[in-house]
Amino acid sequence: MLFWILLIAILILSVWAQYQVSHQFHKYSQVQNRRFLTGAEAASAVLRAHGVSGVGIARCSGHLTDHYDPRDNTIYLSQSVYDSSTIAAVGVACHEAGHACQYAEGYFPIRVRSAIIPVCQFGSTFSYILILIGLFLYSQAWFGVGVVLFSLTTLFQLVTLPVEFNASGRALATIEGEGLLYEDEYYGARKVLSAAALTYVAALLTSLLYLARYVMVFLSMGRRDE
Ligand SMILES: [Zn+2]
């Protein structure tokens, strides 16, 4: 019963966080910043402020598809961010530039995150299969391996949190420190980035809840075997 109550609560949080991301982005995509600074210009300002050079800034297609790709060391900004001089564009672009700075500096959580990506992908692909086999055969061993693999995806989401919070922290510190936005505009950018951060928190909570549930099932299987 507690599981379902928590699940519904976290589900509501997830939906609300998703709504906030699109709502805040949409809202502050309508507001031009008074310095007419574009997303691309803002991203390069963050790189400059951190003394990072050699990072590419390019356009990508789609909506809210902005990301930093460490493979070609390039910040990809979507159409509504790259050339746009809105408050939302500056916030998002600075966040992605924050990721580029993390890689350039060898920020510890992002190194851990990169190192565990292959195992975590393996874990998320095979955990459900093993969990289902475990339930079907009523085998604690198969189920247990499935739960261990599932815990890798939880671990990935856990390591993602400091990475995302730090990228937004760098973005906002630069926006404030370099005066990229006026004070009232800064709060708009902060709302956009806080909404995005909340989606990562919701994803971690969902994953943790399922992990706890699986561990409890695992333990109850052990009891019945005795
Ligand atoms: Zn990010």
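Let me begin with helix α4, in which 16 of the 19 residues are buried, so that this helix is largely enclosed by the rest of the structure; buried here means under 20% relative accessible area, with exposed over 50% and partly exposed in between, using a 1.4 Å probe and protein chains only. Helices (H or I, at least four residues) and strands (E, at least two) are DSSP runs, numbered from the N terminus.

Before going on, I should say that this is a predicted model, in which local features need pLDDT of at least 70 and side-chain atom pairs count only at pLDDT 80 or more, while totals for chains, interfaces and linings use all residues. Residues are numbered from 1 along each chain as its sequence is written, and side-chain values use heavy atoms, with hydrogens and water left out.

Staying with α4, its 19 residues reach 27 Å from the first C-alpha to the last, close to the 27 Å expected, where the expected span is 1.5 Å times one less than the number of residues. Just after α4 comes G106, which takes a positive phi of about 65°.

Now, which residues are the protein donors of the zinc ion? They are H95 (NE2), H99 (NE2) and E164 (OE), lying 2.0 to 2.1 Å from the ion, and donors are N, O and S atoms within 2.8 Å of the metal (3.2 Å for Na, K and Ca), with water not among the atoms, so sites may look incomplete. In sequence these donor residues are spaced H-x3-H-x64-E. Distant parts of the chain are linked in this way, since H95 sits in α4 (residues 87-105) and E164 in helix α6 (residues 140-177), 69 residues apart. Both H95 and E164 are buried.

Let us turn to the sheet, which is open and mixed in its pairing, with three strands in the order β1-β3-β2; two strands pair if DSSP finds at least two bridges between them. The edge strands, each pairing on one side only, are β1 (56-60) and β2 (67-69). Strand β3 (residues 74-78) pairs with β1 in the parallel sense over five bridges, and I57 stands opposite I75 in β3. Helix α2 (residues 39-49) packs on the sheet and touches β1 and β3, contact meaning heavy atoms within 4.5 Å.

Finally, for the chain as a whole, the secondary structure comes to seven helices and three strands, running α-α-β-β-β-α-α-α-α-α from the N terminus on. Of its 226 residues, 46% are buried, and the C-alpha trace spans about 70 × 35 × 30 Å along its principal axes.

Note on methods:
Axes fitted to C-alpha atoms, helices over the stretch in contact; angles between N-to-C directions.
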